[in-house]
Amino acid sequence: MEAAAEFRRARSPEAKRQREASILEAARALGRERGIRDVSLTDIAAAVGMHKSALLRYFETREEIFLRLTAEGWQEWSGALAERLRDAPDPGPTAVARAFAGTLAARGLFCDLLAHAPLNLERNVSLDAVRDFKLATLAAREPITEAVREQLPTLSDEGVIDLIATAVSLAGALWQIANPGAEVAALYRSDPRLGHAVIEVEPRLARILTATITGLVAGTDPAQG
């Protein structure tokens, strides 16, 4: 109760930012531990010592919290991917595909968020929250686009957009497949006929993206016309 009172007394913009940061960090930790699907607003409130009604003064819904985390994930991943692309020793479809796959597979929470964003996170928030999220992802794409074009100068702007969209969509879906519930995972391990259901995100994503990039480049290469 004392912690909740402290949160109610927050009045200054700086105090509000600190409270929001605490809420986001709690949601981030719970998401990593349990998966986004299994984290409720009550869980997040309890993790920061607040009553749910007090938390709603900072975020309208749990979806708004996780949408904010998705936007932050885009920004962080964008910088890491752009750096890895620029450090790639051998430019080409394979190197670009591996950079995308490696940086995405290393960010399990982000992949989880990517899967949930269009399915439900964008559907239970205000229009302002959706607009802010879309503008944040648009800004995060700019460094990626620049780095990809350095590696693949013949790839069109449309091709880069298609590549990014394919990579994040697949990463979200493949992460969900690779991380089933405990009972389903045990089933897969117990029945040899279900071995195909056990996948690793990074190698599969790299293979699919290599083929995708090769096709996109061939489609924009004048020599192929």
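This is a short conversation about reading the model shown above.

Reader: I'm new here, so what kind of model is this, and how are residues numbered?

Author: It's a predicted model, where local features need pLDDT of at least 70, side-chain atom pairs count only at pLDDT 80 or more, and totals for chains, interfaces and linings use all residues. Numbering runs from 1 along each chain as its sequence is written, and side-chain values use heavy atoms, with hydrogens and water left out.

Reader: How many helices and strands does the chain have?

Author: Let's fix the terms: helices (H or I, at least four residues) and strands (E, at least two) are DSSP runs, numbered from the N terminus. Here the chain has 11 helices and 0 strands. Read from the N terminus, the order is α-α-α-α-α-α-α-α-α-α-α. The C-alpha trace spans about 70 × 50 × 30 Å along its principal axes.

Reader: What share of the residues is buried?

Author: Buried means under 20% relative accessible area, exposed means over 50%, and partly exposed is in between (1.4 Å probe, protein chains only). Of the 225 residues in the chain, 43% are buried.

Reader: And what supplies the area that the chain exposes?

Author: Accessible areas come from the Shrake-Rupley method with a 1.4 Å probe, and for residues only the protein chains shown count as cover. The chain exposes about 12,200 Å², with carbon and sulfur atoms supplying 53% of it.

Reader: How far apart are the mean positions of the positive and negative charges?

Author: For the count, Lys and Arg are positive and Asp and Glu negative, while His and the chain ends are not counted. Each charge is placed at NZ of Lys, CZ of Arg, CG of Asp or CD of Glu. There are 27 positive and 31 negative charges, and their mean positions lie 5 Å apart.

Reader: Now the aromatic rings: how is a pair described?

Author: You describe a pair of aromatic rings by the distance of the centres and the angle of the planes. Rings of Phe, Tyr and Trp (its six-membered ring) pair if their centres lie within 6.5 Å; planes under 30 degrees apart count as stacked, over 60 as edge-to-face, and the rest as tilted. By that rule there are 4 aromatic pairs. Take W74 and W77: their ring centres are 5.6 Å apart and their planes sit at 75°, so the pair is edge-to-face. These two are 3 residues apart in helix α5 (residues 62-87), so about one helical turn separates them. Both W74 and W77 are buried.

Reader: Which other ring does W74 pair with?

Author: With F110: the centres are 6.1 Å apart and the planes are at 85°, so this pair is edge-to-face. W74 lies in helix α5 and F110 in helix α7 (residues 108-119), so the pair ties together parts 36 residues apart in sequence. F110 is buried, as is W74. Ring pairs link W74, W77, F100 and F110 into a cluster.

Reader: What does the side chain of T103 make a polar contact with?

Author: A polar contact is a pair of N or O atoms within 3.5 Å; within protein, one must be able to donate a hydrogen and the other to accept it, and residues adjacent in sequence count only if both atoms are side-chain atoms. For T103 the partner is the side chain of W77, at 2.9 Å. T103 sits in helix α6 (residues 93-105) and is buried, at 5% relative accessible area. R28, in helix α2 (residues 13-34), has its side chain joined to that of E25 by a polar contact of 2.5 Å. R28 is buried too, with a relative accessible area of 17%.

Reader: How should I read plain contacts, and which residues does L113 touch?

Author: Contact means heavy atoms within 4.5 Å. Not counting residues up to four places away in sequence, L113 touches I36, F66, L69, T70 and L121. L113 lies in helix α7 and is buried, at 2% relative accessible area. Its partner L121 is in the loop between α7 and α8 (127-151) and counts as buried at 0% relative accessibility. Over the chain, among contacts between residues at least 6 apart in sequence, 70% join residues at least 24 apart.

Reader: Is G79 in helix α5 buried, exposed or partly exposed?

Author: G79 is partly exposed, with a relative accessible area of 38%.
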